[in-house]
Amino acid sequence: MSVKRKGQSKVTIFPDWCKGCGICAAFCPAKVMELNDQGKAVVIREEECINCGFCELHCPDFAIMVQPKVDDEIPAVCRALLKKASLPDAGKDEESIKEKG
Amino acid sequence: MADIKGTQLIHEYLRHNKKFPHVFCAGCGHGIVLGSLIRSIHGLGLAKDNVCIVAGIGCSGRLAAYVDFNTVHTTHGRALTFATGIKMAKPNMHVIVVMGDGDSMAIGGNHLIHAARRNIGVTALILNNNIYGMTGGQCSPTTPAGSYSMTTPMGQMEQSFDCVELCTAAGANYVARGSVFHVNKLDSMIMEGITNPGFGVVEILSPCFTQYGRKNKFKSPVDMYHALKSKVTPLERFNAIPEAERGERVPSGVFVKKDKPGLEEKFYEMAARCQGGE
């Protein structure tokens, strides 16, 4: 078991896969996550994460990934999902603006 | 792939050409079981080609579609019969059967007790959510007495099956019960079930909020996980509590662990003996 230190982990949520059950937010001992107004889990206090792994193990949709901040070796499958997660609706917004404009 | 873990590991074992996110409702325990199954297989170091997942019908039957092993999606209640055939034909294959409570104890009840009696070397994961989830929330053989469902709006009057006692009495080699809240223990139970010879059963308590929880006064999926956390008690501690004080507690842990040889081992031994004698 790794040493539980705060601020060592990066928590990523894939919004496309999250169904908003709220298990991660309810049971997180450090209250890192919350459900936003759309019912999806969002990371609000990443610096408090102690890397206990509860959210990652109990997410029924495999939508949460906790990894060390320094780790750059992410598998290709996850990298594609991460790219999608970092820009969830950016493309859609631009398109809608163009259409309106 | 040795150093990856958690969600990264699970993504490596999924069939990404299938439609994701999966079909399970928000807060369904089946997704957690899927993760646990993948971690167990990875933990044992089994090759993908050496594992066969056989699933029946229902919500739990969808599990087989998402993982990148040899998979069979079979008819209702007959998952164990297909698995028996696969195991007898390929005794070195690790055959894992994923069934719901209806699949295993209602329509497939006869197959379950006879698979346990034969002691065929497959591992059965019984995902018990106390209800027929996919077909509209009818009461199942494991719906607790007094609880509500679509077909028992005034409360269930019948007694429910205890899967562990059923399989123990029928003669299974390995019987355990875990829950989706206690995931690390569940991982170890599935790993032990796969490695133990003969018929292994792991009953997994997996809450269904959509069909069971909403009718039984649970306000959210989280409430069901809180209930699971408080109800499920390790076997040693459960036995230490006096019977009058047990209340709604459910024992979890390994109930039976025997080393009797499986049917396929006996069969191939007999075949070798017959060939040698000719």
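The following dialogue examines a predicted model of two chains, A and B.

Trainee: What makes the pairing of A:Lys6 and A:Glu48 a salt bridge?

Mentor: The term requires a side-chain nitrogen of Lys or Arg within 4 Å of a carboxyl oxygen of Asp or Glu. The side chains of A:Lys6 and A:Glu48 meet at 3.3 Å, N to O, and therefore the pair satisfies the cut-off. Side chains of opposite charge can pair when their charged atoms come close.

Trainee: Why is this pair said to link distant parts of the chain?

Mentor: A:Lys6 lies in the segment before β1 (9–13) of chain A, while A:Glu48 lies in the loop between β3 (41–43) and α2 of chain A. The two residues are 42 residues apart. Over all chains, the structure holds 7 salt bridges.

Trainee: How many salt bridges are counted between chain A and chain B?

Mentor: The count between these chains is 0. There are, however, 8 residue pairs in polar contact between chain A and chain B, with both residues at pLDDT 80 or more.

Trainee: How do you know which parts of chain A touch chain B?

Mentor: Contact means heavy atoms within 4.5 Å, and the contact takes 24 residues from chain A and 34 residues from chain B. On the side of chain A that touches chain B, the elements giving two or more residues are α1 (23–27), α2 (54–58), β4 (64–68) and α3 (76–86) of chain A. The most come from α2(A), with 4 residues. By class, this side of chain A has 16 nonpolar, 3 polar and 5 charged residues.

Trainee: What area do chain A and chain B bury between them?

Mentor: The buried area is about 2400 Å², and 69% of it is on carbon and sulfur atoms. The size of an interface is often given as the accessible area lost when the parts come together.

Trainee: Why are some spaces in this structure called cavities?

Mentor: A space is called a cavity because a 1.4 Å probe fits there but cannot get out. A search of the whole structure finds 3 cavities of 30 Å³ or more. The largest has about 100 Å³ of space, and the second largest has a volume of about 90 Å³.

Trainee: Which residues line the two cavities?

Mentor: The largest cavity is lined by 15 residues, and A:Cys28, A:Cys49, A:Cys52, A:Gly53 and A:Cys55 lie nearest its centre. Its lining has 13 nonpolar, 2 polar and no charged residues. For the second largest cavity there are 14 lining residues, with A:Cys18, A:Cys21, A:Cys24, A:Cys59 and A:Ile64 nearest its centre. The lining of the second largest cavity divides into 9 nonpolar, 3 polar and 2 charged residues.

Trainee: What makes a space a pocket instead, and what is the volume of the largest pocket?

Mentor: A pocket is an open set of points with protein on both sides. The largest pocket holds about 940 Å³ of space. Among its 34 lining residues, B:Asn130, B:Pro144, B:Lys231, B:Glu248 and B:Val250 are the closest to its centre. The largest share of the lining, 4 residues, comes from α10(B). In the lining of the largest pocket there are 17 nonpolar, 10 polar and 7 charged residues.

Trainee: Why is the phi of A:Lys31 worth noting?

Mentor: Most residues other than glycine have a negative phi, and most peptide bonds are trans. A:Lys31 is not a glycine, although its phi is positive, at about 55°. A:Lys31 is found in the loop between α1 and β2 (33–35) of chain A.

Trainee: How do you know that the peptide bond from B:Phe20 to B:Pro21 is cis?

Mentor: Its omega is near 0°. B:Pro21 sits in the loop between α1 (6–13) and α2 (30–44) of chain B.

Technical notes. Residues are numbered from 1 along each chain as its sequence is written. Chains are lettered from A and ligands numbered from 1 in the order in which they are written. This is a predicted model: local features need pLDDT of at least 70, side-chain atom pairs count only at pLDDT 80 or more; totals for chains, interfaces and linings use all residues. Side-chain values use heavy atoms; hydrogens and water are left out. On a 1 Å grid over the protein atoms alone, a cavity is a set of points where a 1.4 Å probe fits but cannot get out, and a pocket is an open set with protein on both sides within 12 Å along at least five of seven lines; lining residues have an atom within 4 Å of a point. Grid points are joined across faces, edges and corners, and a volume is the space filled by probe spheres set on the points. Ala, Val, Leu, Ile, Met, Phe, Trp, Tyr, Cys and Pro count as nonpolar, Asp, Glu, Lys and Arg as charged, and the others, Gly among them, as polar. Buried area is the accessible area (1.4 Å probe) that two parts lose on being put together, summed over both. A polar contact is a pair of N or O atoms within 3.5 Å; within protein, one must be able to donate a hydrogen and the other to accept it, and residues adjacent in sequence count only if both atoms are side-chain atoms.
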